[in-house]
Amino acid sequence: MHRNRYSRKGFTLIELLVVIAIIAILIGLLLPAVQKVREAANRSKCTNNLKQLGVALHAYHDANDALPRTMHDGVYATNSQGWSWIAQTLPYFEQDNIHRLANPGSGTLAAPMNSTVSGAVLLTYVIKTLKCPSDVSPDLGASVANGFTGAAVTSYKGVTGSNWQWGQDPLPPNGTLIITNPGGTGDGLNLGNGTFDRYMKLVTGTNTAENVVRFASITDGLSNTLVVGESSNRISQHTGYWGHFNHTTGTCALPLNYKQTNGQPWTIGDWGNNYSFHSYHTGGANFCMGDGSVRFVRDSVDINAYRAAATIAGGETLTLD
C-alpha cells in the first residue's frame, strides 16, 4: 500500500494562529482566577498574623495587668530608647530571642545593651509575623523616616483612636490626656483616644506621665474596638521599623486607604495625610479587634462608624458592616 504523497505533516499557519489565540484566551480567563486565589491566601495569612498579635496582646495583658506601652523618649533617630508596643510584645508571639537581644527600655534601637548583637543586625531583623504577604514594600524599608532606612518593616500598627492633630510635644507636665471629638482638633498623634499612642510611657526627663490601658479601660467592648490595623511602608515612610514608637501607630481619623482627590496616594513622606491605615488587599484592610478576632473593614465603611470603632470609651455602637 502506498502512502499518500500529500499527507499532512503539521499545522497550517492559520491553524497555528487559532491555537495560539485559544491559549491566550484561556490564560486571560484563568489569570484573574489565579490572582483571586493568591489574594485569598494572602488575606488569610494576614488574618493569621493579626490573630497571633491579638493572642500576644492578651498574653501580655495577663502577665502585666495592662497592654504594652509605647515608650516615647523624645528622640526620633536611631539613638532612641523609644521602643514600640510591638517590641514589648515580642516574647508573646515566639520572638523571645530578639526581645532579649533588644532589651527594650535599656539599649537604644541602634545599639542594644546586649553586646552579642550589633544595632545594624537588630534593625534588619525581619519578623515574618509582622509582614502581610500582600504588602508590596520590601522587607527592609526602602524609605523609613528618622534615619531608619534599610530597617525591617512592619505591616501592622496600633490604633491611636479617632482624633488627629499634633502640637503637644512634649506632653504638658500635668500629663492631662486630650480627648476630642472624632476627627476634630486635639493631639491624636501623641495622645489618642484609642488603645495605643506615642505617649503611653515616657522614659526620660522629668515628665513621668503614663497612659496605661487595660482591658477594663475599653468600655466600648473588646469585640467592638479596633486595636491593630494594616499599613505599608510603600505608602507611608512612617510605617517602618517594628521596634520604634514613631513607626507603629496610626489614626482612624483619616479614612481607610485615604487618597488624594485624583485617586493617587499621598506622597510617602506626607505623614499628616498617611499616618493611618492602608492595605493592598482588594477593597479594604484587616483589623484585629480587642478580643483577638480579626475583621475585614471595607474602604466604603462610613467614616463616622470607622472612627467610632477606633475609640476605647466613646460609648458608640459598632456599625462597621
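**An open sheet and the helix packed on it**

In this predicted model, a good place to begin is an open sheet of 5 strands, arranged in the order β5-β2-β4-β6-β7 with mixed pairing. The edges are taken by β5 (249-250) and β7 (294-298); each has a single partner strand, so one side of each is left without a neighbour in the sheet. Helix α6, formed by residues 303-310, packs on this sheet and touches β2 (156-159), β4, β6 and β7. The direction of α6 makes about 115 degrees with that of β4.

Within the sheet, one pairing can be followed in more detail. Strand β4 covers residues 226-230 and strand β6 covers residues 284-289, and the two pair in the antiparallel sense over 3 bridges. Here Leu226 is found opposite Met289 of β6.

Helix α6 itself deserves a second look. Of its 8 residues, 6 are buried, so the helix is mostly covered. The buried positions are Ala305, Tyr306, Arg307, Ala308, Ala309 and Ala310, and these residues pack against β2, β4, β6 and β7. At the N-terminal end of α6, Asp302 acts as a cap, with a side-chain oxygen 3.1 Å from the backbone nitrogen of Asn304.

Away from the helix, a stop at Ser143 shows how a loop residue meets other parts of the chain. Ser143 sits in the loop between α4 (119-123) and β2. Once neighbours within four places in sequence are set aside, the contacts of Ser143 are with Asn233, Gln237 and Ile268. With Gln237 there is also a polar contact, in which the two side chains are joined at 3.2 Å.

Stepping back to the whole protein, the reader will find 6 helices and 7 strands. Followed from the N terminus, these elements run α-β-α-α-α-β-β-β-β-α-β-β-α. Buried residues account for 49% of the 321 residues. Contacts that span the sequence can be viewed in a similar way: among those between residues at least 6 apart, 70% join residues at least 24 apart. As for the surface, the protein exposes about 15000 Å², and carbon and sulfur atoms supply 56% of that area.

Technical notes
Residues are numbered from 1 along each chain as its sequence is written. This is a predicted model: local features need pLDDT of at least 70, side-chain atom pairs count only at pLDDT 80 or more; totals for chains, interfaces and linings use all residues. Side-chain values use heavy atoms; hydrogens and water are left out. Two strands pair if DSSP finds at least two bridges between them. Helices (H or I, at least four residues) and strands (E, at least two) are DSSP runs, numbered from the N terminus. Contact means heavy atoms within 4.5 Å. Axes are lines fitted to C-alpha atoms, for helices over the stretch in contact, and angles run from 0 to 180 degrees between N-to-C directions. A polar contact is a pair of N or O atoms within 3.5 Å; within protein, one must be able to donate a hydrogen and the other to accept it, and residues adjacent in sequence count only if both atoms are side-chain atoms. Buried means under 20% relative accessible area, exposed over 50%, partly exposed in between (1.4 Å probe, protein chains only). Accessible areas come from the Shrake-Rupley method with a 1.4 Å probe; for residues, only the protein chains shown count as cover.
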